[in-house]
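Biologist: I would like to learn how to read a two-chain model feature by feature. Could we go through one together?

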2 protein chains.
Amino acid sequence: MQDSDFTLHPQLAKDTVPLGDLPLSRVLLIDDETYPWLLLVPRRRGVSEIVDLGSVERAHLMSEITQVADALKAETECDKLNIAALGNVVPQLHVHIIARFRSDAAWPRPVWGVCPPSRYGEAAREDAVARLRRRIWLAS
Amino acid sequence: MQDSDFTLHPQLAKDTVPLGDLPLSRVLLIDDETYPWLLLVPRRRGVSEIVDLGSVERAHLMSEITQVADALKAETECDKLNIAALGNVVPQLHVHIIARFRSDAAWPRPVWGVCPPSRYGEAAREDAVARLRRRIWLAS
């Protein structure tokens, strides 16, 4: 499932820290400590919509969404998962997987546009990356 | 794939018009003419998260999301699809499939909380239901 032409969109690169690659998707942590927030980006050039993927790739994507969402839920003990493919601003297909809490800054609203992002401190970012990486790749 | 215990959440019933049932999910039109906006509700009692479904059901859900999203895109010729499972307010699992336009009231923001819903007039609602039903079930 390699696609040597794949390049991460610069806006996604700017807003995130890479956790690693699953067979189809790159896994990224959004650098915003307000919410535990991951992205899955299928490594396919020129794909904007889930329906642009082939059926085998869509099955892989659902499997990777489940793997990452289960790991995020286990790690955070969140109240709810929010899973979304929007892409109105950045056209490269990316799936948001967000751990939500009844106590978080946007609850019960969706997270987009509510709070300006608050970047992790260096130690907290390294800790979040290490914990999430362990959870996701242990589960694979 | 029947689940005789399934009951649609009253809030979803109130906000939507039913289009029909696919093998796993009920298909609903949100009664808001601001955006062409469908919901898929897997007919499974007590399920809040995509990860609560079994793997076979998740595969069916991805297939039904694709079928409905393709039909909505073909019918509306939209600029972008927004697909999301949030559920912070209504706990019954429901997947939003929304046709977005660069000219719509919320673009490029997500639709939630931007405009109060504006219900269809009776003729426009019947027309939208008929057109979408034809597209979705022709494609199946």
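Modeller: What follows is a walk through the interface, the cores, some single residues and the salt bridges of this model, which is predicted.

Biologist: Let us begin with the interface; how much area do chain B and chain A bury between them?

Modeller: The size of an interface is often given as the accessible area lost when the parts come together. Here chain B and chain A bury about 2500 Å² between them, and 61% of that lies on carbon and sulfur atoms. On the side of chain B, the residues that lose the most area to chain A are B:Val51, B:Met62 and B:Asn88, which together account for 26% of what that side buries. Counted by contact, 29 residues of chain B meet 29 residues of chain A.

Biologist: How many residue pairs in polar contact, and how many salt bridges, does the rule find across the interface of chain B and chain A?

Modeller: There are 18 residue pairs in polar contact, with both residues at pLDDT 80 or more, and two salt bridges are found across the same interface of chain B and chain A. A:Glu49 and B:Lys80 form a salt bridge in which the closest N and O atoms are 2.9 Å apart. As for the elements involved, H2 and strand E4 (80-85) of chain B each supply at least two residues of the side that touches chain A, and H2(B) gives the most, with seven residues. By type, the residues on that side of chain B divide into 15 nonpolar, five polar and nine charged.

Biologist: Could we take one residue of that helix; is B:Thr66 buried or exposed, and which side chain does a polar contact join to the side chain of B:Thr66?

Modeller: B:Thr66, which lies in helix H2 (residues 55-76) of chain B, is buried because its relative accessible area is 5%, under the 20% cut-off. Its side chain is joined to that of A:Arg58 by a polar contact of 3.0 Å, and the side chain of B:Thr66 also reaches the backbone oxygen of B:Met62 at 2.8 Å. Leaving out residues up to four places away in sequence, B:Thr66 touches A:Val51 and A:Arg58.

Biologist: Turning to the nonpolar cores, which residues have the most contacts inside the largest one?

Modeller: In soluble globular proteins, nonpolar side chains tend to be buried together. The largest nonpolar core in this model has 64 residues, and those with the most contacts inside it are A:Leu40, A:Leu61, A:Ile97, B:Leu40, B:Leu61 and B:Ile97. A second, separate core of 32 residues includes A:Val90, A:Val111, A:Trp112 and B:Ile30. To take one member of the largest core, B:Leu40 touches, among others beyond four places in sequence, B:Leu22, B:Val27, B:Leu61, B:Ile65, B:Val68 and B:Ile97.

Biologist: How should I read two residues of one loop, and where does A:Ala106 lie?

Modeller: A:Ala106 lies in the loop between strand E5 (95-100) and helix H3 (122-138) of chain A, and A:Arg109 has its place in the loop between E5 and H3 as well. A:Ala106 counts as buried because its relative accessibility is 0%, whereas A:Arg109, with a relative accessible area of 47%, is partly exposed. Setting aside neighbours within four places in sequence, A:Ala106 is in contact with A:Tyr35, A:Arg100, A:Val111 and A:Val114, while A:Arg109 touches A:Arg100, A:Val114 and B:Asn88.

Biologist: Finally, how many salt bridges does a search of the whole structure find over all chains?

Modeller: The search finds 24 over all chains. In one of these salt bridges, the side chains of A:Arg43 and A:Asp21 meet at 3.5 Å, N to O, linking distant parts of the chain that are 22 residues apart. A:Arg43 is buried at 7% relative accessibility, whereas A:Asp21, at 36%, is partly exposed.

Biologist: What does the salt bridge between B:Asp5 and B:Arg45 tie together?

Modeller: B:Asp5 lies in the segment before helix H1 (10-15) of chain B and B:Arg45 in the loop between strand E3 (37-42) and H2, so the pair ties together parts that are 40 residues apart in sequence; the closest N and O atoms are 3.4 Å apart. By contrast, B:Asp127 and B:Arg131 both lie in helix H3 of chain B, four residues apart, about one turn of the helix, and they form a salt bridge with closest N and O atoms 2.9 Å apart.

How values were computed: Residues numbered from 1 in each chain as written. Chains lettered and ligands numbered in written order. Predicted model: local features only at pLDDT ≥ 70, side-chain atom pairs only at ≥ 80, totals over all residues. Heavy atoms only, no water. Buried < 20%, exposed > 50% of the residue type's maximum accessible area, 1.4 Å probe, protein only. Polar contact = N/O pair within 3.5 Å; in protein donor to acceptor, adjacent residues only side chain to side chain. Contact = heavy atoms within 4.5 Å. Core = buried A, V, L, I, M, F, W, Y, C linked by side-chain atoms within 4.5 Å. Buried area = accessible area lost by both parts, 1.4 Å probe. Salt bridge = Lys/Arg side-chain N within 4 Å of Asp/Glu carboxyl O. Nonpolar A, V, L, I, M, F, W, Y, C, P; charged D, E, K, R; others polar.
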